[in-house]
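Student: Please give me a close look at a single part of this structure, beginning at one residue and working outward through its surroundings. I would like a connected account rather than a list.

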Amino acid sequence: MAAEGVDNRFQRYLVLTFIIVAACVVLLEAICVPVAATIIMPIASYLPPVQAFFVAQTALVLIVIPVIASGFVYSRLVKQRLTSELQAAEEERRQYYAQRNLMLSDMAHDLRTPVMGISSLARALEDGMVPDEATRQRYLHSIVAKSDKMGELATMLFDYIKLESKGFALEREYFDLPQLLLNEAAALYTDAEDAGMELLVEVPEEPATIWADKTQIRRVVSNLLSNAIRHNPAGTRIVLALVRRAGVAEVVVADSGKPIEGNPQDLFEPFARGDASRTEGGNGLGLSIAKTIADMHGYSLTLQQPYGEYSKAFIVACSIDRD
């Protein structure tokens, strides 16, 4: 991706610089050629042959110098720009590999923890160290929960890589956004209850049709709601709302939990929160996936805090295609 950016920038620079240098050559030649033709060459016709030859050479040099000088300037400019572009590409490559290594390191950490837990629990069951049935059931339940967590991480990582791949394309269709929001709220209502939270739904009944990839928009809403449930304490109020403005439907996921510190834009980078995300049970991919999907649709995903009576809100602004 970095190499493609360098190639495009450099090609544009070459074309623009060539046009400018060529225009300068034409301008200089428009001055030098008339001078050589009207002043120097007539003088040469009145001089002896040897002197006339040197005068004619002077006229020729006067005509050629702008071309040579322009070519030299052009080559210097191209060399400087090429060096600058190569340095920028190297820096982009370094940052890319640094981010990739960080992502792999964090992913290994997030996978290692449940794997080690599953291994220890399974070994205890295998060695007969859990005599009573109640404890065995608790161990099995923990193994299932840790396995689900690993599966969730693998699925989110797959989704992130798929969205970043060149071959991925949105499958757009017309659908009713309010109905999708109501379905997602119903699907996660028990999760909020189990976490000791209150999930409110403020979605008007009138339709708001958008032209988008229904599966991906559902993933955005699900990720935002899941993050609100996962990263807030019990007793938090969460609201899923739809706010209509002129030609725009804003999907709002707000909560009364703790506000988010630091640069809001860092939230949308994969694994950007590092150890903080892992201690809260997250991996940082959910918001990154949501932001990528919103950008692919031409929508916006922003964080606003505070938001009315709530401490923070993630807002997805979708364009309405049909009322």
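Tutor: A strand here is a DSSP run of E with at least two residues, and a helix is a run of H or I with at least four, each kind being numbered from the N terminus. With that in hand, tyrosine 174 can be placed in strand β1, which covers residues 172–176. The model is a predicted one, and every value that follows was computed from it.

The setting comes before the detail. The protein has seven helices and seven strands, and from the N terminus on its elements follow the order α-α-α-β-α-β-β-α-β-β-α-α-β-β. Of its 323 residues, 36% count as buried, while the surface that the protein exposes comes to about 18,700 Å², with carbon and sulfur atoms supplying 60% of that area. Among contacts between residues at least 6 apart in sequence, 73% join residues at least 24 apart.

Tyrosine 174 gives one case of two distant stretches of chain brought together in space: its C-alpha atom is separated by 8.2 Å from that of aspartate 321, although their positions lie 147 residues apart along the chain. Tyrosine 174 counts as partly exposed because its relative accessible area is 41%, and the band for that class runs between 20% and 50%. Aspartate 321 belongs to the segment after β7 and, at 39% relative accessibility, is likewise partly exposed. Leaving aside residues up to four places away in sequence, aspartate 321 touches Tyr174, Thr209, Ile210 and Trp211. Aspartate 321 can also be set against alanine 212, which is 109 residues away in sequence, with a C-alpha to C-alpha separation of 9.6 Å.

From here the account moves to a pair of helices. Helix α4, residues 177–194, packs with α5 at an angle of about 35°, their axes being 10 Å apart, and the crossing of the two is right-handed. On the α4 side the residues that meet α5 are Leu177, Leu180, Leu181, Glu184, Ala185, Leu188, Asp191 and Ala192, and on the α5 side they are Lys214, Ile217, Arg218, Val221, Ser222, Leu225, Ser226 and Ile229. Sorted by class, this contact comprises 10 nonpolar, two polar and four charged residues.

Arginine 218 in helix α5 shows the α4 contact at the level of one residue. Apart from residues up to four places away in sequence, arginine 218 touches Leu180 and Glu184. Its C-alpha lies 7.2 Å from that of glutamate 184, at a sequence distance of 34 residues. With a relative accessible area of 31%, arginine 218 is partly exposed.

Helix α5 has a further partner. Spanning residues 214–230, α5 packs with helix α7, residues 285–297, at an angle of about 145° and with the axes 9 Å apart; here the crossing is left-handed. The contact draws on Gln216, Ile217, Arg219, Val220, Asn223, Leu224 and Asn227 of α5, together with Gly286, Leu287, Ile289, Ala290, Ile293 and His297 of α7. Its residues divide into seven nonpolar, five polar and one charged. Ile217 appears in the contact with α7 and also in the one with α4.

Past these helices, the walk turns to the strands and loops. Glutamate 250 lies in strand β5, residues 248–255, and counts as buried because its relative accessibility is 14%, under the 20% limit for that class. Its side chain makes a polar contact of 3.1 Å with the side chain of arginine 245. Beyond residues up to four places away in sequence, glutamate 250 touches Ala241, Leu242, Val243, Arg245, Ile315, Val316 and Ala317.

The last stop is the loop between β6 (300–304) and β7 (312–319), where serine 311 is found. Serine 311 is buried, at a relative accessible area of 19%, and its side chain reaches the backbone oxygen of glycine 257 at 2.4 Å. Its contacts, again not counting residues up to four places away in sequence, are Asp255, Ser256, Gly257, Lys258, Pro259, Gln305 and Pro306. Proline 306 sits in the loop between β6 and β7, and the peptide bond leading to proline 306 from glutamine 305 is cis, with omega near -5°. As background, most peptide bonds are trans.

How values were computed:
Residues are numbered from 1 along each chain as its sequence is written. This is a predicted model: local features need pLDDT of at least 70, side-chain atom pairs count only at pLDDT 80 or more; totals for chains, interfaces and linings use all residues. Side-chain values use heavy atoms; hydrogens and water are left out. Buried means under 20% relative accessible area, exposed over 50%, partly exposed in between (1.4 Å probe, protein chains only). A polar contact is a pair of N or O atoms within 3.5 Å; within protein, one must be able to donate a hydrogen and the other to accept it, and residues adjacent in sequence count only if both atoms are side-chain atoms. Contact means heavy atoms within 4.5 Å. Axes are lines fitted to C-alpha atoms, for helices over the stretch in contact, and angles run from 0 to 180 degrees between N-to-C directions. A crossing is left-handed if the near helix is turned anticlockwise from the far one by less than a right angle, and right-handed if clockwise. Ala, Val, Leu, Ile, Met, Phe, Trp, Tyr, Cys and Pro count as nonpolar, Asp, Glu, Lys and Arg as charged, and the others, Gly among them, as polar. Accessible areas come from the Shrake-Rupley method with a 1.4 Å probe; for residues, only the protein chains shown count as cover.
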